[in-house]
Amino acid sequence: MVSRHGQPCAMIVPIADGARLYPLEMPNLANYLLAQPEPFETERDTTPLRGIDFD
């Protein structure tokens, strides 16, 4: 247990336990999309969300 000003702030655990709890290779959306066999295409709505008034 690691403390700061007497309050617990971190814990040191064996590498195997840390890797099980917090895997280094966590899945993310970017890797998922890049792994798709076909190009990922979508249509984008370019309509402005609101009008702009500079007066």
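This passage walks through confidence, the salt bridge and the exposed nonpolar residues of a predicted model.

Confidence comes first. The chain averages a pLDDT of 84, and 100% of the residues score at least 70. Broken down by element, strand E1 (residues 2-4) comes out on top with a mean of 93, while H2 sits at the bottom with 81.

As for charged contacts, a search of the whole structure turns up one salt bridge. The partners are aspartate 17 and arginine 20, whose closest N and O atoms are 3.9 Å apart; that falls inside the cut-off of within 4 Å. Both residues belong to helix H1, where they are three residues apart, or about one turn of the helix. Their surroundings can be put in terms of accessibility: aspartate 17 has a relative accessibility of 32% and so counts as partly exposed, whereas arginine 20, at 59%, counts as exposed.

On the nonpolar side, Leu29, Tyr32, Leu33 and Phe40 make up a surface patch, together offering about 460 Å² of accessible area. One of these residues, phenylalanine 40, lies in the segment that follows helix H2 (29-34). Phenylalanine 40 counts as exposed because its relative accessibility is 58%.

Isoleucine 12 is another nonpolar residue to look at, placed in the loop that links strand E2 (7-10) to helix H1 (15-21). Its relative accessibility is 70%, so isoleucine 12 counts as exposed. Between the C-alpha atoms of isoleucine 12 and glutamate 41 there is a separation of 45 Å, with the two residues 29 apart along the chain.

Key:
Residues numbered from 1 in each chain as written. Predicted model: local features only at pLDDT ≥ 70, side-chain atom pairs only at ≥ 80, totals over all residues. Heavy atoms only, no water. Patch = residues over 30% accessible without salt bridge, like charges linked within 9 Å, V, L, I, M, F, W, Y side chains within 5 Å. Areas by Shrake-Rupley, 256 points an atom, 1.4 Å probe, with all protein chains shown as cover. Salt bridge = Lys/Arg side-chain N within 4 Å of Asp/Glu carboxyl O. Helix = DSSP H or I, 4+ residues; strand = E, 2+ residues; numbered from the N terminus. Buried < 20%, exposed > 50% of the residue type's maximum accessible area, 1.4 Å probe, protein only. pLDDT = per-residue confidence, 0-100.
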